[in-house]
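Student: Could you take me through the spaces and the surface of this model, one question at a time?

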Amino acid sequence: MGDGAPAPDAALALVGREGRSRVVLSVDLAARKAGLRPGTPVAKAQAFHPDLTIMEADPQGDREGLEKLALWLQRRIAPIVAADPPDGIVLDTSGADHLHGGEPAMLAAMVQRLRDTGITVKAVVADTLGAAHALARYGRARMLVVPPGGVVAAIADLPVAALRLPEGIVDGLHALGVSRIGALAAMPRAPLALRFGPEVACRLDQAFGRVAEAIVPVRPVEPVEVCRNFAEPIGAAETIARMIGTLVPPLCQMLEERGQGGRCFDLLLHRVDDRAEAIRVATAQPVRDARRLIRLLCEKIETIDPGFGIERMVLTASQAERVGARQALSLLGEAEEPDLSGLIDILSNRVGMRALYRVAPVESDIPERSFCRVPALAPDDARDWPDHWPRPTRLLPRPEPVQAMAELPDQPPVFFIWRGVRRKVKCADGPERVFGEWWKGDAELTTARDYFRVEDTSGERFWIYRAGDGEHGETGSQGWFLHGIFG
């Protein structure tokens with residue numbers, strides 16, 4: 001909203017009309033802490049909260065923003081994503097969670113990325129849409145992964161309103177003394193249906209996974225997409241593989257006509273019971289090679305549950321990029337570097353994109369800050385590894401404290417004890433003094449480390465440092481740490 005945006009700590013309320021009255025429709029955390037709640041008349045809210053910032057609600061704009069966020073998540077997390085107005089998004093991550101290191105890692109990374117953009121979220125992974133909806137809106141946990149088969153116990157103590165029932169039915173259940181889902185699920189179905197209709201039983205069955213609930217995904221604008229409908233449902237793995245072979249070539253042809261290559265491909269398989277199975281494969285570079293794409297997709301067939309049969313298949317390039325012309329190899333030119341992208345794609349789709357990386361140098365004297373993880377095929381930059389002092393072949397994830405004794409402050413230790421083993425130092429080299437990065441914080445203005453390469457009597461070599469210069473307390477704790485092991 002630019003310069004007209006309210007201060008981050010200001011109490012804010014969105015107002016609109018309910019019938020003939022102007023009421024508060026939504027409040028932020030500051031307004032809620034001040035005691036303001038949705039449904040309060042605007043005049044009363046202004047009288048009790050003179051400093052309240054009031055803005056007109058924009059339901060259509062909120063819906064468009066929610067759909068944009070759903071498309072953003074679709075490109076980065078999973079192929080089946082739908083908006084759940086007024087403030088929710090539903091994702092079916094089956095077949096895509098392995099690309100992110102599993103469900104817990106995927107959920108944590110997604111929540112952190114949204115928080116980095118200023119969006120506060122509650123996120124839940126569960127077997128069913130109904131259970132995830134209930135726990136995300138009425139559960140206490142800000143982030144939760146419900147184990148398979150644990151839905152019934154997870155939602156039993158939630159209020160009946162979590163089942164997405166109309167307000168009239170919720171009031172009627174409260175009048176009967178039923179306020180929790182567990183108590184409602186234990187009641188006979190026939191009297192409930194006679195009094196409230198079939199919706200109560202339907203919502204219970206959807207939450208518990210007894211009845212399928214379809215998710216209609218958002219679609220990107222003008223996606224590169226091909227589909228195939230079947231007169232008779234298919235289910236055999238060989239038939240699915242053959243159909244993939246018929247869908248991929250026209251998709252690659254469409255990408256070539258647009259001068260694009262795909263980075264992320266989604267295969268949606270619509271079953272006869274209105275459920276959808278999804279396969280997502282990602283590539284390290286934009287590709288439109290039909291043979292490579294067919295192989296990547298067919299490797300995921302074993303994860304598909306065809307149910308009673310698949311009646312429609314849709315293949316979409318959900319993320320595409322421009323691909324420039326490539327010079328063909330000439331007999332007079334130099335030998336072309338081997339193309340590892342195919343191998344990288346196969347491995348990353350098996351073990352996950354996060355599990356496949358390489359290490360690149362970072363301009364920092366602090367050893368644990370001198371490298372970072374980058375994608376396996378990320379381009380090399382001009383930076384190189386420091387070579388003025390040898391570095392160990394294995395750097396520990398974090399320095400481990402050791403007990404050591406040195407004869408003088410600027411000399412290496414005579415012996416040290418690491419992981420319960422006493423090691424006598426035979427020879428050593430150093431110190432290499434490393435200062436803190438003062439521009440990153442006041443705590444590093446005076447810190448220093450003295451690193452030594454030491455070899456014990458058994459021939460093993462270690463990288464040890466003292467936290468401090470050995471004389472002044474402000475430079476460090478003066479304790480000894482083992483940071484690496486030489487080959």
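The exchange below turns to a cavity, then a surface patch.

Tutor: This is a predicted model, in which local features need pLDDT of at least 70, side-chain atom pairs count only at pLDDT 80 or more, and totals for chains, interfaces and linings use all residues. Residues are numbered from 1 along each chain as its sequence is written, and side-chain values use heavy atoms, with hydrogens and water left out.

Student: Which elements give two or more residues to the lining of the largest cavity?

Tutor: A cavity is a set of points on a 1 Å grid over the protein atoms alone where a 1.4 Å probe fits but cannot get out, and its lining residues have an atom within 4 Å of a point. Among the residues lining the largest cavity are D429, E432, Y451 and R453. The elements that give two or more residues to this lining are β16 (421–435) and β17 (448–456).

Student: Is W385, a member of the nonpolar surface patch, buried, partly exposed or exposed?

Tutor: The patch is formed by Y357, V359, F371 and W385, with about 360 Å² of accessible area together; patches take residues with over 30% relative accessible area and no salt bridge (a side-chain nitrogen of Lys or Arg within 4 Å of a carboxyl oxygen of Asp or Glu), and nonpolar side chains are joined within 5 Å, like charges within 9 Å. W385 sits in the loop between β13 and β14 (394–406). Buried means under 20% relative accessible area and exposed over 50%, with a 1.4 Å probe and protein chains only, so W385, at 40%, counts as partly exposed.

Key:
Accessible areas come from the Shrake-Rupley method with a 1.4 Å probe; for residues, only the protein chains shown count as cover. Helices (H or I, at least four residues) and strands (E, at least two) are DSSP runs, numbered from the N terminus. On a 1 Å grid over the protein atoms alone, a cavity is a set of points where a 1.4 Å probe fits but cannot get out, and a pocket is an open set with protein on both sides within 12 Å along at least five of seven lines; lining residues have an atom within 4 Å of a point.
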